[in-house]
Amino acid sequence: MEVKELKDKKEWEEFLFSCQEKTFLHSWNWGEFQKKIGHQIWRVGFFDPNLKGVALIIKIKAKRGSFFFIPHGPVVLKNRKEVFQALVQYFKKIDKVSFARISFIWEKNSFQDNSLKKAPIHIHPEQTWELDLTSQDLLTPMRKTTRYLIRKGIKDPEIEIKKSDDLKLFSELYSKTAQRHDFVRFSYQYLLDQFKLFSEDNQIALFLGRYKGEVV
């Protein structure tokens with residue numbers, strides 16, 4: 001299996017589009033954002049002879065040493081074992097680090113390798129839940145009272161949900177939420193850089209909910 005660095009955004013995005021198992025954390029723009037905040041990245045493709053998988057490799061510099069991070073990847077059409085083995089060998093060619101952290105999103109127990117050790121913490125969610133917003137039956141599995149309140153809210157003229165580009169207002173609400181639930185928030189600049197990059201390809205949207213004219 002041949003491993004080559006990919007420079008073509010269209011080739012990268014079209015391959016991702018053809019794969020079922022992927023998230024935005026392996027998108028071209030997520031790589032651009034990582035460069036924006038100072039990380040070195042590599043975008044590599046695995047060929048046998050056609051493109052079978054891609055991996056976004058991010059070098060993270062931490063206090064206890066640098067490491068490679070693969071967020072929700074590699075993204076693979078087939079030959080998972082061969083792609084993984086080629087990826088490990090490629091690590092050794094590009095730079096020296098203390099270790100590599102690979103955040104797979106493959107189905108549990110679909111891939112096993114004795115060289116892997118379970119991480120003590122997760123940088124990104126290990127499991128995610130996808131909801132098909134085009135479904136006509138979104139309300140069906142909900143509780144009766146929840147369905148009633150949603151339908152009532154849709155008819156309420158004092159409740160508005162509108163698309164917005166007011167990131168500062170969102171950031172203010174985000175800060176209040178972080179204080180209320182006691183977690184560390186990302187900086188405004190961090191959010192702004194993401195929003196700008198993904199907005200260029202119409203890959204992000206912000207919606208604000210108002211009740212009686214007040215953003216809630």
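These points cover the nonpolar cores and three individual residues of a predicted model.

1. Basis. The model is predicted, so local features need pLDDT of at least 70 and side-chain atom pairs count only at pLDDT 80 or more, while totals for chains, interfaces and linings use all residues. Residues are numbered from 1 along each chain as its sequence is written, and side-chain values use heavy atoms, with hydrogens and water left out.

2. Main core. The largest nonpolar core (buried Ala, Val, Leu, Ile, Met, Phe, Trp, Tyr and Cys residues joined through side-chain atoms within 4.5 Å) has 22 residues. Trp12, Phe15, Trp30, Val54, Leu56, Ile58 and Val75 have the most contacts inside it. At least two residues each come from α1 (9-18), α2 (28-36), β2 (40-47), β3 (51-62), β4 (65-71) and α6 (188-199). Strand β3 gives the largest share, five residues. Helices (H or I, at least four residues) and strands (E, at least two) are DSSP runs, numbered from the N terminus.

3. Trp12. Leaving out residues up to four places away in sequence, Trp12 touches (heavy atoms within 4.5 Å) Leu6, His26, Ser27, Trp28, Arg43, Val44, Val54, Ala55 and Leu56.

4. Second core. A separate core of 17 residues includes Phe46, Ala55, Phe91 and Trp106.

5. Ser171. This residue lies in helix α5 (residues 167-181). Ser171 counts as buried because its relative accessible area is 7%; the cut-offs are under 20% for buried, over 50% for exposed and partly exposed in between (1.4 Å probe, protein chains only). Beyond four places in sequence, Ser171 touches Arg185 and Tyr188.

6. Gln112. The loop between β6 (99-103) and α4 (144-155) holds Gln112. Gln112 is exposed because its relative accessibility is 60%. Its C-alpha atom is 8.6 Å from that of Lys81, 31 residues apart along the chain.
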